[in-house]
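User: I'd like to learn how to read helix packing, a ligand shell and a domain contact. Can you walk me through them on an example?

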Amino acid sequence: MENKDSSSGKSSHVTLYANDSSQPSRAVMIFCDLNGIKYEKKVINVFAGEQFSPEYKKLNPASQVPCLVDGDFVISESHTILKYLHATRNCADHWYPSDILKRTKIDEILDWHHTNLREGVHTYILRKIVYPMMGKETPEWELKDLLKKFKKSCKYLNTLLKSSDYLFGKEMTIADLAIFSEFIDYKLHPDFDVSSYPELQKWSERMQSVPEVVNACYTTLKGAEKNKLAKI
Ligand SMILES: N[C@@H](CCC(=O)N[C@@H](CS)C(=O)NCC(=O)O)C(=O)O
């Protein structure tokens, strides 16, 4: 698929290549559901390596989910997809405010997300639970470092949330979706202890009071019930 013209992408029908166990995929699904953006979901089973199929690689050479197709325009990277949908679907301003100061704070935490919280949760789970299933071991010091990253991230988020209901005020932004979709996976392993972060816990409960959020994170929540990764 070719990206011919940046103004020609917008179509009434978008296709989202995603996986319910993928944190970035969930953030996009929640945003679509909360904003009435209809999409066709095509599940890519990343555990079975479907992201490496020639057809999918043609679409997204980065071989990852999520990936959004809007007409003949193809986008990967969840944060970029969220901003693109916000800009092209007349979504309410609060999700990604036009005020440059507010917008920049959201960009700041989105950038922070991938090298901090995501390492602390997603990478930890990969190395602690998934890799051993494939016979790959991770040195203990590396696991400890990742867990340290999780704690440091929680501390930072807890501080941010002391003064507001959501990360940046009284209303949800795309940052809440990206961060929550990642954070909630702490429920998948008892090594993650969030008891010292009350504001973060309250925010997490607040996010979970939204049915669209719970629906998208069903895999994690169900997996957490069994205290193991749900098999997709
Ligand atoms: N920075 C990307 C991260 C995407 C990502 O890590 N996706 C994972 C699933 S959660 C994936 O596709 N993994 C398969 C692989 O890398 O082979 C985003 O925010 O969209």
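User: Let's start with helix packing. At what angle do the axes of helix α4 and helix α7 cross, and within what distance do they come?

Analyst: One thing up front: this is a predicted model. For a helix pair, look at the axes, then the direction, then the residues. Here α4 (residues 100-115) and α7 (residues 174-183) have axes that cross at roughly 20° and come within 9 Å. Angles under 35 degrees count as roughly parallel, so that's what α4 and α7 are to each other.

User: Which hand does the crossing have, and which residues make the contact?

Analyst: α4 passes α7 in a left-handed crossing. On the α4 side you'll find I106, I109, L110 and H113, and they face I174, A175, A178, I179 and E182 of α7. Sorted by class, that contact has seven nonpolar residues, one polar and one charged.

User: How do α1 and α3 pack, in angle and axis distance?

Analyst: Read this pair the same way. Helix α1 (residues 23-34) and helix α3 (residues 78-88) pack at about 15°, with axes 9 Å apart. That angle is also under the 35 degree cut-off, and α1 and α3 are therefore roughly parallel. The crossing of α1 past α3 is right-handed.

User: What are the residues of α1 and α3 that meet there?

Analyst: From α1 it's P24, A27, V28, F31 and C32, and from α3 it's S78, I81, L82 and L85. By class you get eight nonpolar, one polar and no charged residues.

User: Now the ligand. Which residues come nearest, and which elements give two or more to the shell?

Analyst: With a ligand shell, pick out the nearest residues, then ask where they sit and what class they are. There are 13 residues around the ligand, and S22, P24, V46, Q64 and S78 come nearest. The elements giving two or more residues to that shell are α1 and α3. P24 and S78 also turn up where α1 meets α3. By class, the shell has four nonpolar, eight polar and one charged residues.

User: And the domains: where are they, and how far apart are their C-alpha centres?

Analyst: Begin with the bounds, then check the contact. Domain 1 covers 14-91 and domain 2 covers 95-225, with C-alpha centres 20 Å apart. Each domain puts 16 residues into the contact. On the domain 1 side, α1 and α3 each supply at least two residues, and α1 gives the most, with eight. That side divides into seven nonpolar, five polar and four charged residues.

Notes
Residues are numbered from 1 along each chain as its sequence is written. This is a predicted model: local features need pLDDT of at least 70, side-chain atom pairs count only at pLDDT 80 or more; totals for chains, interfaces and linings use all residues. Axes are lines fitted to C-alpha atoms, for helices over the stretch in contact, and angles run from 0 to 180 degrees between N-to-C directions. Helices (H or I, at least four residues) and strands (E, at least two) are DSSP runs, numbered from the N terminus. Angles under 35 degrees count as roughly parallel, over 145 as roughly antiparallel, 65 to 115 as roughly perpendicular and the rest as oblique. A crossing is left-handed if the near helix is turned anticlockwise from the far one by less than a right angle, and right-handed if clockwise. Two residues are in contact if their C-beta atoms, placed from the backbone, lie within 7 Å. Ala, Val, Leu, Ile, Met, Phe, Trp, Tyr, Cys and Pro count as nonpolar, Asp, Glu, Lys and Arg as charged, and the others, Gly among them, as polar. A residue is near a molecule or strand if its C-beta atom, placed from the backbone, lies within 6 Å of it. Domain bounds come from an automatic or database domain assignment.
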